[in-house]
Amino acid sequence: MSIRPLVGSGEIVERVASTRSALDRSWLGGRVRLDHRHWQSAESDVVWTAPQHLLVLTDSGRTGRTLIRANGKVVYDGADYAGALTFVPAGTERRNAYLEARLSYTALWIDPSFGSSALPDGIGIIANARDEVLRVLIASLRDELLAGWGPSAGYVEHLTALVLDRLAVVGGRAASPLPPTRHAALSRPASERVRDYVRAHVGTDLSIKDMAAVAGLAPDSFARRFKATTGMSPYAFVLEERVRQAEALLAETREPIGGIAMQLGFASQSHLTSTFRRQRGITPLAFRANFVPRS
C-alpha cells in the first residue's frame with residue numbers, strides 16, 4: 001500500500017515502502033476526514049495538491065530526513081519526530097522528500113468551506129511545529145476512534161472549529177492580543193427552542209448545523225452566540241444533557257447501564273462511564289448504588 005493521500009492528486013515515487021491504514025473515518029458529508037496510518041519507507045518523493053486543508057500529527061517514530069518545498073522555496077529541512085505537526089493549506093502544491101521514514105501519523109482533512117473565516121488569508125505551510133493544544137485535539141479524536149467510540153458529528157464539528165482557531169495562532173498570523181469579542185446572546189425564544197430540541201433528540205447524533213437551524217442562525221454564528229448565552233459550547237451542552245438524563249434513568253429505573261448509554265446517544269457503555277465520571281466524579285454504577293434500597 002502506498003503513502004498516497006486520501007484527498008487530492010499528484011505524483012508519488014517510493015522505494016522499499018509499506019503503509020498500513022489503521023483508521024479512515026469521515027463526517028459531515030466528507031467535509032472532515034481522519035486518516036491514521038503506520039508508514040515505512042527507505043526513500044519517498046511526493047508532489048501533491050489537495051482541495052482540502054491537511055493537518056498531520058506524527059504520533060510516533062521519525063524520519064532520517066524530511067525536505068518540504070512550496071512555491072519554489074524550502075519550507076523545512078530536518079526530520080519528522082513524535083509530536084510534530086504539519087499544516088498544508090488547501091490548494092497548496094507541496095513537494096516533499098523523505099529518507100528512512102518509520103513512523104505512525106494521523107492526518108485530519110478539513111474542507112475550506114468549514115469555518116472559512118477561522119483561518120486568516122495567506123496562511124502558509126506550517127512544517128513540523130510543536131503545539132500541545134493541537135496535538136491533544138487530534139490525539140483525542142484518534143484515540144476515541146481506536147477505542148471504538150465513534151464520536152458524533154457535533155463533537156467533530158466542535159473539535160474542528162477549535163483546530164482551525166488554534167491554527168490561526170500557531171501560524172503566527174493572529175493579531176496582537178485584543179479584548180475578547182463580545183458576542184450577542186441568543187434571544188430567549190431561540191434559546192428555549194434549542195434546549196427543547198436537544199432534550200427531545202438527545203439520543204440522536206446531534207450536530208451544530210441542526211441546532212443552528214432550530215435557532216434560525218448560521219452554524220458559526222450560532223456556536224458563538226450559544227456559548228455567550230449558556231457559557232458552554234453546543235457539544236458540551238449536549239453532553240451535559242445526556243449525563244443529566246442518565247442520572248434520572250440510573251436513579252429511577254433498573255435499565256442496564258449499556259442500554260441507557262445507547263438510549264442517550266453514547267457510543268458505548270464505556271463512553272458513558274468515562275463521560276459520567278469526568279462530569280460527576282463518580283461512575284454510573286456507583287451513582288446508581290446510592291438509590292438501591294438497603295435491606
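Is Trp 109 buried or exposed? At 2% relative accessibility, Trp 109 counts as buried. The model in which this residue sits is a predicted one, and the report below describes its overall composition, then selected residues and one helix pair.

**Overall features**

The chain contains nine helices and eight strands. Its C-alpha trace extends over about 70 × 45 × 30 Å along the principal axes. Of the 295 residues in the chain, 44% are buried. Among contacts with a separation of 6 or more, 73% join residues that lie 24 or more positions apart. The exposed surface of the chain amounts to about 14500 Å², and carbon and sulfur atoms supply 51% of it. The chain carries 36 positive and 29 negative charges, and the mean positions of these two sets are 4 Å apart.

**Strand 7 and its surroundings**

Trp 109 belongs to strand 7, and Thr 106 lies in strand 7 (residues 94-110) as well. Beyond residues up to four places away in sequence, Trp 109 touches Pro 5, Leu 6, Val 7, Arg 31, Val 32, Arg 33, Asp 35, Ala 50, Gln 52, His 53 and Leu 54. Between Trp 109 and Ala 90, which are 19 residues apart along the chain, the C-alpha separation is 9.4 Å.

Thr 106 has a relative accessible area of 0% and is therefore buried. Its contacts, again without residues up to four places away, include Leu 34, Asp 35, His 36, Leu 55, Val 56 and Leu 57. Thr 106 also touches Asp 59, Ile 138 and Arg 142. Thr 106 and Leu 34 stand 72 residues apart in sequence, yet their C-alpha atoms are 7.1 Å apart in space. Asp 35 appears in the contact list of Thr 106 and in that of Trp 109.

The contact between Thr 106 and Arg 142 leads from strand 7 to helix 1 (residues 132-146), where Arg 142 is found. Arg 142 counts as buried because its relative accessibility is 13%, below the 20% limit for that class. Apart from residues up to four places away in sequence, Arg 142 touches Leu 23, Leu 34, His 36, Leu 57, Asp 59 and Thr 106. Of these partners, Leu 34, His 36, Leu 57 and Asp 59 are also touched by Thr 106.

**Helix 3 and the loop that follows**

Arg 199 is located in helix 3 (residues 188-200). With a relative accessibility of 35%, Arg 199 counts as partly exposed. Setting aside neighbours within four places in sequence, Arg 199 is in contact with Glu 241 and Gln 245. Gln 245 is 46 residues from Arg 199 along the chain, and their C-alpha atoms are separated by 8.7 Å.

Leu 206 occupies the loop between helix 3 and helix 4 (208-215). Leu 206 is buried, its relative accessible area being 4%. Not counting residues up to four places away, its contacts are Ser 152, Ala 153, Gly 154, Tyr 197, Val 198, His 201, Val 238 and Arg 242. The C-alpha atoms of Leu 206 and Phe 226, which are 20 residues apart along the chain, are separated by 15 Å.

**Helices 6 and 8**

Helix 6 (residues 234-252) and helix 8 (residues 269-280) have axes that come within 10 Å and cross at roughly 100°. Helix 6 is therefore roughly perpendicular to helix 8. From helix 6, the residues that take part in the meeting are Leu 239, Glu 240, Val 243, Arg 244, Ala 246, Glu 247 and Leu 250. Helix 8 contributes Leu 272, Thr 275, Phe 276, Arg 278, Gln 279 and Arg 280.

**Two asparagines with positive phi**

Asn 71 has a positive phi although it is not a glycine, and Asn 128 is likewise a residue other than glycine with a positive phi. Asn 71 is found in the loop between strand 4 (65-70) and strand 5 (73-78), whereas Asn 128 lies in strand 8 (residues 126-129). Asn 71 counts as exposed, while Asn 128 counts as buried. Their values are set out below.

| Residue | Phi | Relative accessibility |
|---|---|---|
| Asn 71 | about 55° | 74% |
| Asn 128 | near 45° | 7% |

Conventions. Residues are numbered from 1 along each chain as its sequence is written. This is a predicted model: local features need pLDDT of at least 70, side-chain atom pairs count only at pLDDT 80 or more; totals for chains, interfaces and linings use all residues. Side-chain values use heavy atoms; hydrogens and water are left out. Helices (H or I, at least four residues) and strands (E, at least two) are DSSP runs, numbered from the N terminus. Buried means under 20% relative accessible area, exposed over 50%, partly exposed in between (1.4 Å probe, protein chains only). Contact means heavy atoms within 4.5 Å. Accessible areas come from the Shrake-Rupley method with a 1.4 Å probe; for residues, only the protein chains shown count as cover. Lys and Arg count as positive and Asp and Glu as negative; His and the chain ends are not counted. The place of a charge is taken as NZ of Lys, CZ of Arg, CG of Asp or CD of Glu. Axes are lines fitted to C-alpha atoms, for helices over the stretch in contact, and angles run from 0 to 180 degrees between N-to-C directions. Angles under 35 degrees count as roughly parallel, over 145 as roughly antiparallel, 65 to 115 as roughly perpendicular and the rest as oblique.
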